[in-house]
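I opened my notebook to look up how a pair of helices packs and how a sheet is put together. Come along and check each entry.

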Amino acid sequence: MTQPAPAVPSASSVPSHSSSRAALTLGALGVVFGDIGTSPLYALQATLDPRYRLAATVTDLYGIVSLIFWLFVFVVTIKYVFIVMRCDNRGEGGSLALYALIHRELGERAPKRWLLVCALFATALFFADAMLTPAISVISAVEGLGVVSSAFKPWIVWIALAILTGLFAIQSRGTDKVGRLFGPVMLVYFAVIAAMGLYHIAQNPAVLAALNPLYMWTYFAAHPLFSFLSLGAIVYAITGTEALYADMGHFGRGPITTAWLTICVPALMLNYMGQAAMLLAHPEYIDNPFFHMVPANLVIPLLIIATLATIIASQAVISGAFSVTQQAIQLGFLPRLRILHTSSHARGQIYIPAINWALAVMVAVLVIGFRASAAMLPAYGLAVVGTMLITTFMQYVVVFRIWRGPKWRGVLGFVTFVTIDAALLASGLAKLFEGAWFPLLVGLVIFTLLTTWSTGRRLMREGLLADSLPLAVFIKSTAATVHRVRGTAVFLSASPEVLPAALLHNLKHNQVLHERIVLLTVQVEDVPQVDPAARATIHAEGHGFYRAILHYGFMEDPDIPRDLAAAETGTSFEPLHTSYFLSRQKLIASCAVPGMALWRERLFAWMLKVSESAMDFFKLPTGRVVELGSQLRI
């Protein structure tokens, strides 16, 4: 198999001092754990929904708390922290990074269709999650105003919309400066919810017995059907788990593990047990147990802290959407989009206007359409569990095919985690017509976009290659007889072995060739970053022709002029003497040519039309670019 260019060291592979590790741990609190950290606002409340016919009794409350604790143990800690986070792609995590890792390590031996389908559908579900998280998180915090006074209830939706609108409006400014406060704010938040829990546990220490797994069996034995259905609500306690894996590239495995085990788990469990202890004494607080945990005069300060935490959780998932979009573009699953860097020194601080405002519109639709966090939760749970189940299947490709550990251990883990994920998914599907349809619908739409773009690019590349001329044949038959002009011409080519259409069109219309011609291919590797020393490979083919390949990782931004100039070759790329030639195809959808369904071909043609120009995406100088168009049937 072809070996990728060397990758640079990742955050998780570089040794760090204790001070930097502490800083990374604090940073992880603000980015990785905002989502799962704010789950106490709604998880227990949603589980005690009257539809499940549960009550504030020892059997039900202890059973729910026990389930939450053991989900933390098996799903978050054992599965994600100890197994999934070891499946990093040179320090990066996430579904697409995991797919690239498997593809790189196994090559032709990697599973074909189902692995790609899993990776793309998990990515599609992530975008559904990115719509749901800001809507649910912020509105659940603002609903605390209803505890202060019922007069606020008609305004909750509009206050939440105002906060969310402001959040999306400031994305273009970046979060480099304000992001430094995320960790400290979340540390205060976790300290507050832990203190709230400790206060109520002190009133009823017997609630600590809820950690005993026997209470789970008592809970299911008391009412099997409704206990099973309630799993679809209990899963809200582990929403945001995928962020542990997806954000590895920013903080590394060690700091995320430390933050989870030493701060998040203790604080979350203390708060859940405190809510249970309080409800045993005051079952009338079942409507909003989180905000009833404090006296009336402290509800407003708690509301402010909780709202800040939910804004941070929303910001983290929005930034994650930008990062996943960048990966998808580089790996060839989305068209080129305008990507702006909001920080001159922090890698990964990007802003994608099209994604930002698409999310903003969908979040507003969710808030206005559902109007309450409880109404949105079924959709939220299904998006989370669907991604978790897909991750289980993909991670065990690594366990069985790459790590090759003891088979009995791999089978035991696979069966355990698939059983848990499948049970949670089945419970969530029971709410299909209560809102769980939303992530499925969004997932299918985005999955269609991802696969249409990927398939369309392949068909377009095949069509261009079928009509192209091998480079060696052209040099031998034509290059020596054509008039040459001074300067360097760089032609972007899908393949380094054949002539790009732009070169043939230029020769046809202008009857000349430059004295130096570089056929440039941009190749994205299955690693996050490529070593700059191995960025460019250039080979002389004779008669002034050169084949060049620029290697990039799927987390990097291509900059062709910069990287050609930095390449150590005998070819000059002086800006005033270098021209860049691009091919622009106008696609014609046709039933006569085998390919995709006609409606998908038209969709691909539209996506190609609205994609950002190669000139802007590759940072080519505007005054040195020539675009030559042609028509292509697919």
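My first note is a yardstick: angles under 35 degrees count as roughly parallel, over 145 as roughly antiparallel, 65 to 115 as roughly perpendicular and the rest as oblique. The model is predicted, so I kept in mind that local features need pLDDT of at least 70 and side-chain atom pairs pLDDT 80 or more, while totals for chains, interfaces and linings use all residues. Residues are numbered from 1 along each chain as its sequence is written, and side-chain values use heavy atoms, without hydrogens and water.

**Helix pair**

I looked up helix α4 (residues 58-81) and helix α18 (residues 373-403); helices are DSSP runs of H or I, at least four residues, and strands are runs of E, at least two, numbered from the N terminus. Their axes lie 12 Å apart at an angle of about 30°; axes are lines fitted to C-alpha atoms, for helices over the stretch in contact, and angles run from 0 to 180 degrees between N-to-C directions. α4 and α18 are therefore roughly parallel to each other. On the α4 side I found V75, K79 and Y80 in the contact, and on the α18 side M388, T391, T392 and Q395 (contact means heavy atoms within 4.5 Å).

**Sheet**

I then traced an open, mixed sheet of six strands, ordered β5-β6-β4-β3-β7-β8. β5 (536-542) and β8 (625-633) are its edge strands, each pairing on one side only; two strands pair if DSSP finds at least two bridges between them. From one strand to the next, I noted an average twist of 25°. β4 (residues 512-524) and β6 (residues 545-552) pair in the parallel sense over eight bridges.
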